[in-house]
Amino acid sequence: MAASHNKALYRTNLRSRQVVIDTDDESTRDLSEKEITAKARLALDATFERLGYEHDPDQHDGIKILGATKLKNGGILLELNTPDAVGFLTDDETLTEFLAAFSGHATIKTRGFQCIAEFVPTSFSPSTPSALRAVESDSRLQSNTILKARWIKPVERRSPGQKVAHLFLDFDSPYTANRAIDNGIFIENKKVNVRKAKIEPRRCLKCQVIGARHIANACSSPNDVCGYCRGKHRTAECKVSDPTDYRCANCKQSGHAAWDKTCPEYKKQAQLLDERCPENKFRLFPSDDDPLSWECLDNHTSTLPDLGSAPPPPFAEWPPELEPDEPPADGPIARGRNTLPHPPHSRARAPAPTPAPAPPTPDPHPI
Ligand SMILES: [Zn+2]
Ligand SMILES: [Zn+2]
Ligand SMILES: [Zn+2]
């Protein structure tokens, strides 16, 4: 337990020290990790100079870029030395200078701490910044600590007249996320429960393999495999609508789809993932300076109803999170094929020119 505890603490801390740079600058994306790191360090030096920090050794000593990882979605993951360094880099003034020096066409974002808010009024508008600021204010959270929010289930798949739904919320720090989990938050003046979003096994949208180490556009399967019936067609083109006729592509059993959490293969992969991601065992995001955040969930599962993290429809954005990072094997950021973070499936998958409507099947999301 001690080793997995340390690993969970490490991973939470690591996440606080990372930023993701998105750039459409091909020349930057083609650089090696070493070259990207050097470029970022030069941009940081230029930022210090522009802001007049060049003679302040404390600033230089306190802010360090340790390394970079290229993400499969084209993004760049930068690892800094401390969470405070990330705070400094993403401050409005610093950020403008840094991005101008790094690349003409780039944006930067911190890595959020993802939670699920349950039974949120559907009148809420998660894409509206002022709505997020209102949640922070009403919930007595610091301003701009909610990085983003989005409904778990696509709005178009809601039941007629649905009044509440579950929501993904990304907080800027484990501290804020834990506070929301402990105290709940107010959304549209309703007090709602918040829980940590568990990291879940990845599924390839082409071959349907659960726990896959690849994404659909890198899949070696010669044909599409249907997530509903295991047939050789795209899931969206499936004609099977009766759940009793589903045939799981993973365990080969009838009666459930390839993403069903009751599938024995899903359970096996979820257990393996829990061993790789020990933070799944914690109710909160564990942090060094708060022993109260080390409380474990019973039997590694939440005691709350598992509604929000139910498997999504086949082409929803999932998993919501980048593939988790491993502790460093040979440097500040682990490198190698099996440790590179992966993009969410939907971003990597080329959109179908004329997407077929989803078959009229029961929604895998209860809400
Ligand atoms: Zn595949
Ligand atoms: Zn099918
Ligand atoms: Zn199955």
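I took as donors the N, O and S atoms within 2.8 Å of the metal; water is not among the atoms, so sites may look incomplete. The model I consulted is predicted.

**Entry 1: the zinc ion**

I looked up which protein atoms serve as donors to the zinc ion (ligand 2). They are Cys226 (SG), Cys229 (SG), His233 (NE2) and Cys238 (SG), at 2.1 to 2.3 Å from the ion. I then read their spacing along the sequence, which is C-x2-C-x3-H-x4-C. Cys226 and Cys238 both sit in the loop between strand 10 (194–196) and helix 9 (264–276), so this pair ties together parts that are 12 residues apart in sequence.

**Entry 2: geometry**

What arrangement do the 4 donor atoms around the zinc ion (ligand 2) make? I found that they subtend angles of 100 to 118°, and the arrangement is therefore tetrahedral. For this assignment I required that all angles lie between 85 and 135 degrees. For reference, I noted that the ideal angle for four tetrahedral donors is 109.5 degrees.

**Entry 3: burial of two donors**

I checked whether Cys226 is buried or exposed. Its relative accessible area is 0%, so I recorded Cys226 as buried. Cys238 also counts as buried, because its relative accessibility is 5% and the cut-off is under 20%.

**Entry 4: the protein overall**

I recorded 10 helices and 10 strands for the protein. Of its 367 residues, 50% are buried. The accessible surface comes to about 17500 Å², and carbon and sulfur atoms hold 52% of that area. Lastly, I looked at contacts between residues at least 6 apart in sequence; 67% of these join residues at least 24 apart.

Notes:
Residues are numbered from 1 along each chain as its sequence is written. Chains are lettered from A and ligands numbered from 1 in the order in which they are written. This is a predicted model: local features need pLDDT of at least 70, side-chain atom pairs count only at pLDDT 80 or more; totals for chains, interfaces and linings use all residues. Side-chain values use heavy atoms; hydrogens and water are left out. Donors are N, O and S atoms within 2.8 Å of the metal (3.2 Å for Na, K and Ca); water is not among the atoms, so sites may look incomplete. Four donors count as tetrahedral if all angles lie between 85 and 135 degrees; four count as square planar and six as octahedral if opposite donors are over 155 degrees apart and all others between 65 and 115; anything else is irregular. Helices (H or I, at least four residues) and strands (E, at least two) are DSSP runs, numbered from the N terminus. Buried means under 20% relative accessible area, exposed over 50%, partly exposed in between (1.4 Å probe, protein chains only). Contact means heavy atoms within 4.5 Å. Accessible areas come from the Shrake-Rupley method with a 1.4 Å probe; for residues, only the protein chains shown count as cover.
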